[in-house]
Structure formats: C-alpha cells, structure tokens
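Work through the exercises below with the model open. Try each task before reading its solution.

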Amino acid sequence: MDRTDWPFFEPAHRAFAAELDAWAAAHVRDVHGDHDLDATCRRLVRQLGDAGWLAPAVAGRAYGGAGEAIDTRAICLARETLARHSGLADFAFAMQGLGSGAVSLAGTPDQRARWLPPVVRGEALAAFALSEPDAGSDVAALQCAARIDGEHAVIDGEKTWISNGGIADLYVVFVRTGEAPGARGLSAFVVEAGTPGFEIAERIDVIAPHPLARLRFTGCRVPLSQRIGAPGEGFKVAMRTLDVFRTSVAAAALGFGRRALDEGLARARSRAMFGGVLGDFQLSQARLAEMATTLDAAALLVYRAAWQRDQGQAVTREAAMAKLFATEGAQRVIDAAVQLWGGLGVTSGHPVERLYREIRALRIYEGATEVQQLIIGKDVLRHG
C-alpha cells in the first residue's frame with residue numbers, strides 16, 4: 001500500500017504527491033550544489049516557484065498560497081518526496097516555508113501581501129534567524145537585542161547557523177526587546193538584505209553543502225512596520241512556526257531513508273556473491289526488514305502529527321515524537337544502506353554516501369534529539 005492510501009490523506013494529497021514525484025524525477029533528481037552552491041539554490045527555488053510547488057508552504061490564496069491555512073500534510077509530502085530525489089531541492093523548498101512561516105502565521109495583511117507572493121513565485125529567498133552563538137535549543141537565552149527609537153527598531157548582535165544566510169532576500173530575525181524576562185521579552189522583525197547595519201559576517205561550510213551563515217547587526221534600523229506579531233510575542237511566533245515545520249524535518253528524514261532503502265534494495269538484488277546475490281542471504285534480508293519497518297513506523301508518526309495539526313489540534317508532543325524517531329531511524333537506515341554497498345558506499349559522491357552526510361544535521365536542527373526527548377518526557381509526566 002502506498003503511504004498516501006493511508007486514512008491521513010485526502011485525494012488532493014495523493015494527486016499532489018504523485019505529480020511532485022514525477023516532476024522531481026524529471027527536473028531535480030540528484031541535483032547538488034557541488035560547483036556553485038548559491039546559484040544552484042537560487043535556481044532550485046525558482047524552478048519550484050515556476051512549477052507551483054511552493055504554494056503549500058505559505059498561507060492565504062490571495063498571496064499565492066495553496067489554501068487559507070498551511071497544509072502540514074502537503075508540506076510533509078513535499079519534503080519527503082523532494083528529499084528522496086535531492087537533499088538540496090528539499091532544503092530549497094523547506095527554507096521558503098520556514099523562512100516565511102512567521103509572516104504566514106502572524107503577519108498583517110499588508111506584510112503578507114508584500115513578502116509572500118515573491119516567496120511563492122521563487123523570486124525572493126527567505127530565511128529564519130533564531131539561533132545565536134550561545135543560544136540554540138535554549139531560545140530564552142537570546143542576546144541579539146533591539147531598542148525602539150521612534151518608528152524604528154535598532155538591532156545589535158549576531159545570529160548563526162542561519163540557513164540561506166548570504167543568499168536570502170528577507171530574514172525573519174528574533175531579537176530581545178525586553179518587555180519581560182526570558183522568552184516573554186522577544187520580538188520578531190523582517191530584515192531585508194541590504195539594510196544598512198546588516199552584514200554576512202561569515203559563511204559556514206558543513207559536511208552536506210547548504211548555504212549557511214553567521215549574521216551581524218550593528219545599529220541596524222528596521223521600521224516597526226516590519227515587526228511580525230505584537231511586541232514581546234516573538235517566542236510565540238517562533239514556536240508556532242516551528243510547530244508546523246518541525247514535523248516536516250521528520251518528513252525529510254523519511255525521504256532520505258526511503259532513498260537509502262531504494263539504494264539498498266538495488267544493491268541486494270544485483271550484487272553477485274557466492275553463486276547468488278547479496279539479497280539471498282538471511283542477514284541481508286533481516287537488515288532490509290529492519291530498514292523497511294523503521295521507515296513505516298516513522299511515516300506513521302510523521303503523518304499522524306501532520307494530520308492532527310491540520311485538524312487544529314496541538315501537536316507539540318506528536319511532532320517531537322515524529323522528529324525524534326524519524327531522524328534517528330533514518331540515520332540507522334542510511335548506515336545500513338552504506339553497509340550493503342560496502343566500499344562503494346563510502347565513495348565520495350555515491351548516493352548513499354551523500355545521504356550519510358545529509359541526514360546527520362537533521363538530528364540537530366529545529367530541536368536536537370535530546371530536546372525532543374525532554375519535550376516528550378515532560379509531556380508524558382504531565383499527561384501520561
């Protein structure tokens with residue numbers, strides 16, 4: 001049974017997944033940014049926009065969105081499908097959604113009209129700037145600050161590990177504005193590339209090439225009209241955004257894992273060994289069985305969380321479970337695929353070697369595995 005035949009989905013989701021899979025196979029299969037990462041990312045975003053695939057990532061039909069609300073199941077199907085074909089294409093899609101998510105969820109009609117249409121068309125790249133050198137999982141520890149000066153906020157400080165850093169056209173930046181202690185004293189602002197006082201301090205290279213950067217703000221003046229949500233509600237805006245897209249990280253891991261299973265099956269069926277093929281051996285069959293079972297279990301958690309959110313239910317616990325299990329499980333599945341491929345599996349540029357590098361970051365960003373464990377554990381203690 002195809003996963004879209006599960007009762008989590010509606011006919012529109014099934015058609016969407018099938019059409020995107022065919023398009024991705026024809027246009028972005030195994031596309032990587034090995035030679036010109038920035039240009040490849042820009043091209044992928046534009047391709048996705050031109051083909052209409054970015055519409056589910058934003059809310060509001062008037063602004064180019066596929067619906068009035070963000071369809072979490074469609075986002076997860078998109079990320080799973082794209083990740084199976086190209087990790088960079090998945091990244092390009094995900095950042096358009098995450099980077100503009102705060103505008104979709106908490107922006108005014110004017111803000112949404114200004115920033116969402118070019119994001120949907122793939123003409124403007126978006127970024128989500130939350131993490132800092134000394135504040136990652138602990139959002140309440142943010143130090144990048146803004147003071148109000150008339151009709152402007154003046155931002156000083158740094159952000160780091162910012163995806164699309166250096167190539168984005170707009171950044172949703174979370175800063176301390178001091179309305180209350182800790183997480184209750186944060187606000188969110190859109191800072192456009194080229195704003196005086198905003199610079200890319202450093203580009204960051206990682207094991208799976210993606211555009212990442214450290215951002216620096218020095219007396220950066222941003223109009224108060226570019227604040228997303230009310231003063232002091234930045235933490236709520238960030239968490240609302242992450243509640244949508246954290247589940248989609250699990251879906252991307254699922255896509256990587258499914259590609260690894262595809263590659264492992266191809267190897268098991270074709271690798272001649274001792275008068276037969278690798279798949280004839282019970283050890284190989286047991287490994288493939290574990291891979292397939294892990295992926296189906298992960299998919300059920302992912303699409304349960306996505307379905308619940310689309311029904312208007314709280315999904316903090318369910319999204320954490322999905323991200324925890326899917327990312328950790330995909331790591332094991334990909335490792336098993338590398339083992340099935342043997343020496344070729346660790347050859348630079350081989351599909352399973354790329355997957356091995358792609359999956360590792362997913363166990364860290366948008367809430368590390370250990371953070372998900374804390375979220376789940378606390379909720380279990382509270383509610384059973």
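**Exercise 1. Describe the second largest pocket: its volume, its central residues and its main contributor.**

Step 1. Take the volume. The second largest pocket holds about 190 Å³. A pocket is an open set of points on a 1 Å grid over the protein atoms alone, with protein on both sides within 12 Å along at least five of seven lines; lining residues have an atom within 4 Å of a point. Points are joined across faces, edges and corners, and the volume is the space filled by probe spheres set on them.

Step 2. Find the centre. The pocket is lined by 13 residues, and H13, P56, A66, D71 and A74 are the closest to its centre.

Step 3. Name the main contributor. Helix α1 (residues 11–27) gives the most to this lining, with 3 residues. Helices (H or I, at least four residues) and strands (E, at least two) are DSSP runs, numbered from the N terminus.

Step 4. Sort by class. The lining has 9 nonpolar, 2 polar and 2 charged residues. Ala, Val, Leu, Ile, Met, Phe, Trp, Tyr, Cys and Pro count as nonpolar, Asp, Glu, Lys and Arg as charged, and the others, Gly among them, as polar.

A note on the source: this is a predicted model, where local features need pLDDT of at least 70 and side-chain atom pairs pLDDT 80 or more, while totals for chains, interfaces and linings use all residues. Numbering starts from 1 along each chain as its sequence is written, and side-chain values use heavy atoms, without hydrogens and water.

**Exercise 2. Characterise the largest pocket.**

Step 1. Its space is about 1,300 Å³.

Step 2. Among its 49 lining residues, S131, I364, Y365, E366 and G367 are the closest to the centre.

Step 3. α6 gives the most to the lining, with 8 residues.

Step 4. By class, this lining has 28 nonpolar, 10 polar and 11 charged residues.

**Exercise 3. Locate the largest cavity and its lining.**

Step 1. Search the whole structure: 1 cavity of 30 Å³ or more turns up. In a cavity, a 1.4 Å probe fits but cannot get out.

Step 2. The largest cavity has about 80 Å³ of space.

Step 3. Its lining consists of H32, G33, D34, L88, A208, P209, R354, R357 and E358. α9 gives the most, with 3 residues.

Step 4. The classes are 3 nonpolar, 2 polar and 4 charged.

**Exercise 4. Which residues in α2 meet which in α4?**

Step 1. L37, T40, C41, L44, V45 and L48 in α2 meet L88, A89, F91, A92, F93 and Q96 in α4. Contact means heavy atoms within 4.5 Å.

Step 2. This contact has 10 nonpolar, 2 polar and no charged residues.
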